[in-house]
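Trainee: Could you walk me through some of the labels on this one? I'd like to see the reasoning behind them.

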Amino acid sequence: MPPDLLLTDAHAHLADDRLAQDLPGLLDECRRQDVGRILCNAAERRQWAAVTELSRQRGVFGALGIHPLFIGQWDDKTPAALEQAFRTAPPDAKLVAVGEVGLDAWDEPLRQTLPLQREALAAQLLLAQRLGLAVACHNRKTWHDFFGVLKDLRLTHLRGLCHHFGGSREILRAVLEHGLCVSFCGPAAHPSALRLREAIAYTPLEAILTETDCPDLPPPQAQSAQSRPWHVRHVLQTIADIHHLTLGQAAAIVRQNFEKTFVR
Ligand SMILES: [Zn+2]
């Protein structure tokens, strides 16, 4: 995957079991369909090795962490194990971020685990700071808690992205003040997704990224139940339309944002 290809998928889950059957075929198709950069996130511990391995592929970068939906895997020994996974990666692995990390209060059982989620997020953000890595953040109904964690840690500046962004202008302002980018995925390409389209419109171009969350959140244009990294083209086209850019101009902006955020 030569890095000068058009498309950037800044948040995908290529180590997901649903993609395991034909990963080499998927990576070939990414190349054919002009996807030049993918940031592959681990959601749970058993994916760390596979993400590390994937990040040795050209154009694929890796993020290791524990997603809030897998908070049951978090215990006192996890931070050391995560640090070890970064430190023992082969020299050609391109592990650039801690992720996917964050908070999720979608339903009551998840809300009950928020204290532990906050603890896991704090530890993973501190690890990113210590190792000089970026972060890939998830937030669902939890922005207040998220900024609370940052405040408790006295973290005023981070490098990374908030994935599947759909927050208000006020939240966007706070996200940008902390140095983070925001990333949009498949649902934003739906013509009736007014709130997401508005968020794209008020996001400054220097902080915008495109993603698929592959294999989830397919854009309607894909007409499939799952997304693939090349479906990011529809998200990019949406951003280009809203900001009155050509597809090429939008692609160059996103590529530049990805590189300044993750490729050092
Ligand atoms: Zn994700």
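Mentor: Sure, let's take the labels in turn, keeping in mind that this is a predicted model.

Trainee: Which residues hold the zinc ion?

Mentor: The donors are His 11 (NE2), His 13 (NE2), Glu 100 (OE) and Asp 213 (OD), at 2.1 to 2.3 Å. Donor atoms have to lie within 2.8 Å of the metal, so these qualify.

Trainee: Why is the site of the zinc ion called irregular?

Mentor: Its 4 donor atoms make angles of 85 to 174°. Tetrahedral needs all angles between 85 and 135 degrees, so the 174° end rules that label out. The site is listed as irregular, so square planar isn't met either.

Trainee: What makes His 13 and Asp 213 a pair that ties parts together?

Mentor: His 13 lies in the loop between β1 and α1, and Asp 213 in the loop between β8 and α9, so the pair links parts 200 residues apart in sequence.

Trainee: How do you know that His 13 is buried?

Mentor: Buried means under 20% relative accessible area, and His 13 has 8%, so the label fits. Asp 213, with 9%, is buried because that value is under 20% too.

Trainee: Why is Glu 206 called exposed?

Mentor: Exposed means over 50%, and Glu 206 has 51%, so it passes. Glu 206 sits in the loop between α8 and β8 and touches Asn 257 and Lys 260, leaving aside residues up to four places away in sequence.

How values were computed
Residues numbered from 1 in each chain as written. Predicted model: local features only at pLDDT ≥ 70, side-chain atom pairs only at ≥ 80, totals over all residues. Heavy atoms only, no water. Helix = DSSP H or I, 4+ residues; strand = E, 2+ residues; numbered from the N terminus. Buried < 20%, exposed > 50% of the residue type's maximum accessible area, 1.4 Å probe, protein only. Contact = heavy atoms within 4.5 Å. Donors = N, O, S within 2.8 Å, 3.2 Å for Na, K, Ca; no water. Tetrahedral: all angles 85-135°; square planar, octahedral: opposite > 155°, others 65-115°.
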